[in-house]
Amino acid sequence: MNDEAEVTGLLRSWRESAADPGTVVLDGFHALKHALRFGGDVRYVCTADLAALLRLADELAPDVAPALAALAVELPEPALRTLAPKPHPTGVVALAVRPGPAANLAALSRSPRPAPVVLLENPRNLGNVGAVIRLAAGFGATGVVTTGDLDPWHPNVVRGSAGLHFATAVERLTLAELPAGPLYVLDPEGADIRTVTVPDDALLAFGTERHGVSDELRGRAARLVAVPMQPGVSSFNLATSVAMGLFHWMSGRRP
C-alpha cells in the first residue's frame, strides 16, 4: 500500500477499531498464526514486508497462509511503527476481536467438563499469565480464569501465550462467578499431589508466588494439594507450577 490516502485511511480505521475494548492487538507472527488457526476473527494484518511475511507463513504455517495472504497489507515502516512502537522481530502486527464473555462462560461451564479449568487468583505478571495460557492450550485444559485487576487479554499476555488465547477459553471472573466443579487448590499445606487424583471437572487453583492463595479461596477448597519441594526452596514459578499440575492431571488419564 503506497498511496498516502490509503495508508492514512487504514491507520484511522485501525485506531478506531483498537479503541474498542472488544479488540486485541496480536504482536508478531506466532500470535497471528494461532488466532487464524483457531478461528479468531482477525480484522487487520499489517507488515512492512509482505513478501517476507508470506514466505514465513509458507515455511511455518502453510495451513493459514491463504487467509494471511488475503488479509495482509504492506505499510511503510514509519506507518507500521505508529501501530507497534517496538515491532516484533517477525515484522507483523494484527488486530482481532476478542471472543465474547458469553462464549467463554459457556465453554467454562460445560457439563460434563472434559478437562480442568486453571484458576489464577490475582496474578501480577503479564508474561506469566501468557505462559500459563500457552500451557493450558497445550494440555487441552478447558480454559484459564483469572481474578483481580489484571486483564488476561492484555496485548503482552497475548504475546506471551503466542496467541493461544484463541485455542482455549480465557476470562476474568470474581470468585463468586467461578464455574461449578471441585476446587483443587495448590497450597504448601496440602496433600502431596502425587497421591491425589485430579478429576476432569476440577478447578485447579494457583495463587501468587509471594503470597499464595487467599484465605477465602483456601476455605472453599475441596482439596488442598502441594507440589513437593526441597527444603529451603520457597516457591516455583507460577507457570512451572501450573505445568506440573496439568501434567499430573493428564498423567492420570488413560491414553
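Guide: Let's start with a term: a residue is buried when its relative accessible area is under 20%, exposed when that area is over 50%, and partly exposed in between (1.4 Å probe, protein chains only). This is a predicted model, with residues numbered from 1 along each chain as its sequence is written. Local features need pLDDT of at least 70, side-chain atom pairs count only at pLDDT 80 or more, totals for chains, interfaces and linings use all residues, and side-chain values use heavy atoms, with hydrogens and water left out.

Visitor: OK, what makes Ala 141 count as buried?

Guide: Its relative accessibility is 7%, which is under 20%, so Ala 141 counts as buried. You'll find Ala 141 in the loop between helix H7 (126–139) and strand S6. Helices (H or I, at least four residues) and strands (E, at least two) are DSSP runs, numbered from the N terminus.

Visitor: And why is Asn 122 called partly exposed?

Guide: Asn 122 has a relative accessible area of 32%, which falls between 20% and 50%, so partly exposed is the right label. Asn 122 sits in the loop between S5 and H7. Its phi is near 50°, a positive value in a residue other than glycine.

Visitor: What is the usual sign of phi in residues other than glycine?

Guide: Most of them have a negative phi. Ala 162 also has a positive value, with phi near 60°. Ala 162 is in the loop between H8 and S7.

Visitor: Is Ala 162 buried or exposed?

Guide: Buried: its relative accessible area is 6%, so Ala 162 passes the under-20% test.

Visitor: What joins Ser 111 and Pro 112?

Guide: A cis peptide bond, with omega about -5°. Most peptide bonds are trans. Pro 112 lies in the loop between helix H6 (101–108) and strand S5 (117–120).

Visitor: How many aromatic pairs are there?

Guide: The count comes to 2. Rings of Phe, Tyr and Trp (its six-membered ring) pair if their centres lie within 6.5 Å; planes under 30 degrees apart count as stacked, over 60 as edge-to-face, and the rest as tilted.

Visitor: Why is the pair of Trp 14 and Tyr 44 called tilted?

Guide: Their centres are 6.0 Å apart, which is within 6.5 Å, and the angle of 50° between the planes is neither under 30 nor over 60, so the pair is tilted. The pair links distant parts of the chain: Trp 14 is in helix H1 (residues 4–18) and Tyr 44 in strand S2 (residues 41–47), 30 residues apart. Trp 14 is buried, at 4% relative accessible area.

Visitor: What kind of pair do the rings of Trp 153 and Phe 166 make?

Guide: With centres 5.4 Å apart and planes at 80°, which is over 60, the pair is edge-to-face. Trp 153 is in the loop between strand S6 (143–146) and helix H8 (155–160), while Phe 166 is in the loop between H8 and strand S7 (169–172). Both Trp 153 and Phe 166 are buried.

Visitor: How do you know where the buried residues of H10 fall, seen down its axis?

Guide: They fall within an arc of 160°, so they line one face of the helix. The arc is that of the directions from the helix axis to the C-beta atoms. Among the buried residues are Leu 238, Val 242 and Trp 249. As for why, an α-helix has 3.6 residues a turn, so residues three or four places apart point the same way. Ser 241 is in H10 as well, and Ser 241 is buried, at 12% relative accessible area.

Visitor: What span is expected of H10?

Guide: The expected span is 1.5 Å times one less than the number of residues. H10 has 14 residues and reaches 20 Å from first C-alpha to last, close to the 20 Å expected.

Visitor: Last one: which residues lie nearest the centre of the largest pocket?

Guide: Leu 186, Asp 187, Pro 188, Thr 208 and Ser 235, out of 20 lining residues. On a 1 Å grid over the protein atoms alone, a pocket is an open set of points where a 1.4 Å probe fits, with protein on both sides within 12 Å along at least five of seven lines; lining residues have an atom within 4 Å of a point. Strand S8 gives the most to this lining, with 3 residues.
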